[in-house]
Amino acid sequence: MPDRPPPTETMRAVVVPRHGGPEVLEIATRPRPVPGPGEVLLQVQAAGVNHLDTFVRRGMPGITLPLPMIPGSDAAGVVVALGPGAAGVKERDRVFVSPGYSCGRCRACLSGNEPLCRFYGLLGEHRDGTQAEYVALPVAQVLPLPAGVSFEAGAAFPLVFLTAWHMLVARAGLRPGEEVLIHAGGSGVGSAAIQIAKLHGARVLTTAGGAEKGAKAKVLGADEVIDHRSSDVLAEVRRLTGKRGVDVVVENVGQETWEKSLLALAKGGRLVTCGATTGYEAKTDLRHLFFKGLSLLGSTMGSRAELLQIADLVAAGRLRPVVDRVLPFEQAAEAHRLLAARAVFGKIVLTP
Ligand SMILES: [Zn+2]
């Protein structure tokens with residue numbers, strides 16, 4: 001890499017200086033990045049907050065993160081400068097950020113399986129992220145924000161819609177008429193998964209904590225809402241499917257729900273998981289697995305091709321990013337508290 005010229009200006013950024021509670025988050029002054037060869041400089045107008053940010057802040061067992069780090073995987077904004085040789089975009093283009101990056105030239109990347117690239121990483125986890133006034137990124141990582149889609153919406157959909165799309169469409173192969181159980185319909189991934197499952201013609205059962213979240217999940221298209229605080233989720237799934245069970249379960253809760261998720265599947269059902277927020281030491285009864293012909297599917301993120309397809313559907317109004325609230329960078333710690341307390345329906349977006 002050629003030496004970059006020294007930055008001449010500064011910017012404000014949210015920073016995780018060390019692992020800890022929400023109170024460790026700082027607003028710091030950093031050098032404004034200078035776009036290198038093949039890169040663009042994005043002026044961030046809105047940056048999404050994800051559960052990943054809270055894991056990065058707290059620290060994850062067995063993973064060493066490059067702290068201090070700017071968190072944030074999602075953003076939308078305006079291209080304000082081009083590095084040498086950056087082609088395909090121009091200044092003043094409205095764009096959104098692809099959260100993942102990879103080598104772009106291996107078999108996984110070239111077959112649209114970027115997350116399986118051995119060099120795959122996420123902004124805000126493996127390198128500085130998007131919660132800053134400016135971010136310099138390779139051209140391939142900024143995609144056109146369709147006209148009519150706001151910066152806030154553009155910062156709300158990439159990570160969660162891509163995650164949910166890849167789980168339901170690419171991994172589980174959801175088909176019209178199938179029944180699907182989506183845990184935590186009020187979460188970012190859940191609120192995306194409800195809409196994607198409906199778009200593919202499925203009947204959607206979802207869990208939500210409390211009547212208010214349940215009502216919002218119905219507005220998004222959920223056919224049946226199960227209040228996991230007041231009812232037995234497994235018994236409700238059996239009742240609502242005439243004892244058959246569902247064809248697909250979307251899991252990201254982990255240890256706490258895993259066994260019941262398996263029991264909620266119909267014969268030939270598929271369980272697809274993208275996370276384990278309550279723990280990763282889940283138990284699987286192998287008799288259920290073979291006798292019922294079940295499939296266990298892991299999934300993480302998705303491809304840029306899928307992201308472009310999602311952006312088109314957002315522009316057409318067929319998928320709707322769900323923004324719970326927009327907060328300034330200064331309230332990043334509050335955003336983390338709200339997410340951890342599950343006091344959010346959909347996404348929190350930060351603005352500079
Ligand atoms: Zn690759």
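**Close-up views of the predicted model**

**View 1. The loop that holds P68.** P68 sits in the loop that runs between α1 (51-58) and β4 (74-82). This is a predicted model. The peptide bond leading from L67 into P68 is cis. Its omega is near -5 degrees. L67 also appears among the contacts of R18, shown in a later view.

**View 2. The zinc site is built from four cysteines.** The SG atoms of C103, C106, C109 and C117 coordinate the zinc ion. They do so at 2.3 Å. Along the chain, the donors follow the spacing C-x2-C-x2-C-x7-C. The angles subtended by the 4 donor atoms run from 106 to 116 degrees, so the arrangement is tetrahedral. For reference, the ideal angle for four tetrahedral donors is 109.5 degrees. Two of the ligands can be described by their accessibility. C103 has 29% relative accessibility and therefore counts as partly exposed. C109 has 10% and counts as buried, because the cut-off for buried is under 20%.

**View 3. Helices α4 and α10 cross.** Helix α4 covers residues 158-171, and helix α10 covers residues 304-315. Their axes come within 10 Å. The crossing angle is roughly 110 degrees, so α4 is roughly perpendicular to α10. From α4, the contact uses P158, F161, L162, W165, H166 and A170. From α10, it uses E306, L307, Q309, I310 and L313. By class, the contact has 8 nonpolar, 2 polar and 1 charged residues.

**View 4. R18 and E26 touch across the β1 and β2 region.** R18 lies in the loop between β1 (10-15) and β2 (26-31). E26 is in strand β2. Beyond its neighbours within four places in sequence, R18 contacts V24, E26, R57 and L67. With the same kind of neighbours set aside, E26 touches A13, V14, V15, P17 and R18. E26 and V14 are 12 residues apart in sequence, with their C-alpha atoms 5.7 Å apart in space. R18 counts as partly exposed because its relative accessibility is 48%. E26 is also partly exposed, at 37%. For a wider view, find R203, 185 residues from R18 along the chain. The C-alpha atoms of R18 and R203 are separated by 44 Å.

**View 5. N252 is buried in a loop.** N252 is in the loop between β13 (246-251) and α8 (258-263). Its relative accessibility is 15%, so N252 counts as buried. Leaving out residues up to four places away in sequence, N252 touches S187 and V189 among others. The contacts of N252 also include C274, G275, A276 and T277.

**View 6. R92 and M301 have positive phi.** R92 is not a glycine, yet its phi is positive, at about 75 degrees. R92 lies in the loop between β4 and β5 (94-97). With a relative accessible area of 70%, R92 is exposed. M301 is not a glycine either, and its positive phi is about 50 degrees. M301 is placed in the loop between β15 (295-298) and α10. The relative accessible area of M301 is 5%, so M301 is buried.

Conventions: Residues are numbered from 1 along each chain as its sequence is written. This is a predicted model: local features need pLDDT of at least 70, side-chain atom pairs count only at pLDDT 80 or more; totals for chains, interfaces and linings use all residues. Side-chain values use heavy atoms; hydrogens and water are left out. Donors are N, O and S atoms within 2.8 Å of the metal (3.2 Å for Na, K and Ca); water is not among the atoms, so sites may look incomplete. Four donors count as tetrahedral if all angles lie between 85 and 135 degrees; four count as square planar and six as octahedral if opposite donors are over 155 degrees apart and all others between 65 and 115; anything else is irregular. Buried means under 20% relative accessible area, exposed over 50%, partly exposed in between (1.4 Å probe, protein chains only). Axes are lines fitted to C-alpha atoms, for helices over the stretch in contact, and angles run from 0 to 180 degrees between N-to-C directions. Helices (H or I, at least four residues) and strands (E, at least two) are DSSP runs, numbered from the N terminus. Angles under 35 degrees count as roughly parallel, over 145 as roughly antiparallel, 65 to 115 as roughly perpendicular and the rest as oblique. Contact means heavy atoms within 4.5 Å. Ala, Val, Leu, Ile, Met, Phe, Trp, Tyr, Cys and Pro count as nonpolar, Asp, Glu, Lys and Arg as charged, and the others, Gly among them, as polar.
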